[in-house]
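Colleague: Could you take me through this model, starting with its surface and then going inward?

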Amino acid sequence: MTDQAGDRKSSYKKLGARHKARRRAVDLLFEAEARDIDPADLLAERAQLAVGDESVAPVNPYTGTLVEGVADDLDRVDGTIESYLQDWTLERLPAVDRAILRVAVWELFHATDVPPVVAVDEAVELAKELSTDDSPSFVNGVLGQVVKVAPQVRAAAAATRSRPDGDA
C-alpha cells in the first residue's frame with residue numbers, strides 16, 4: 001500500500017497547470033459531445049458558473065484556448081485524426097479518446113509554445129488516466145503520424161497569418 005501512495009505522490013508532482021487545463025478541456029469536450037452542444041457554449045456556461053459561485057473552480061485560460069481552438073477548427077482536426085486511423089472510424093473510437101486526440105492535434109497544429117513531444121506525452125498521459133488500457137498506445141500511434149505533418153501545418157498557418165489581406 002505504501003508503494004501506491006508513493007506512486008500517487010509522484011504523479012501529483014507531474015500535474016502542472018497546463019496538464020490540469022488539458023484534462024479539463026478533455027472533460028468539457030467529452031461533455032459537450034455527450035450533451036450534443038457546442039463546446040464553446042459549454043465553456044462559456046462553466047466560466048459564468050465560476051463567477052457566481054466560489055465553490056466552482058474558475059476555468060483556466062489555457063482550457064479556454066484549447067476548447068475554443070478545437071471547436072473553431074473541429075472539421076480539420078477530425079479530418080486529420082480520421083486520416084490516420086487504420087481500420088477505424090472516428091465514430092467508433094471511445095468518446096474520451098476522441099476528446100484527447102482533438103486536444104493533442106489542435107496543440108500540434110496551433111500551440112507554437114508547446115513542443116510536439118509535450119503535446120504527445122500529455123495526450124498519452126491523459127489516455128492512461130481517463131481511458132482503456134489500450135488507449136495510450138493507440139493515441140501515441142495516431143499522434144506519432146500527425147507529428148510528422150504538424151510542422152507543415154504550422155508553417156502554412158504562419159504564412160497565411162503574415163500575408164496582408166489583399167494578397168490572399
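Colleague: What share of the area that the chain exposes do carbon and sulfur atoms supply?
Modeller: This is a predicted model, in which local features need pLDDT of at least 70 and side-chain atom pairs count only at pLDDT 80 or more, while totals for chains, interfaces and linings use all residues. Residues are numbered from 1 along each chain as its sequence is written, and side-chain values use heavy atoms, with hydrogens and water left out. By the Shrake-Rupley method with a 1.4 Å probe, the chain exposes about 9,800 Å², and the part supplied by carbon and sulfur atoms is 52%.

Colleague: Which helix supplies the largest share of the largest nonpolar core?
Modeller: A nonpolar core is a set of buried Ala, Val, Leu, Ile, Met, Phe, Trp, Tyr and Cys residues joined through side-chain atoms within 4.5 Å, where buried means under 20% relative accessible area. The largest one has 42 residues, and the helices (DSSP runs of H or I, at least four residues) that each supply at least two of them include α2 (17-35), α7 (116-130) and α8 (135-162). The largest share, ten residues, comes from α6.

Colleague: Which residues does Leu143 contact, leaving aside its neighbours within four places in sequence?
Modeller: Leu143 is among the residues with the most contacts inside the core, contact meaning heavy atoms within 4.5 Å. With those neighbours set aside, its partners are Leu101, Ala104, Val105, Leu108, Val120 and Ala123.

Colleague: Which elements are included in what covers the buried residues of α7?
Modeller: In α7, the buried residues are Ala119, Val120, Glu122, Ala123, Val124, Leu126 and Ala127. Their cover includes α2, α6 and α8.

Key. Buried means under 20% relative accessible area, exposed over 50%, partly exposed in between (1.4 Å probe, protein chains only). Helices (H or I, at least four residues) and strands (E, at least two) are DSSP runs, numbered from the N terminus.
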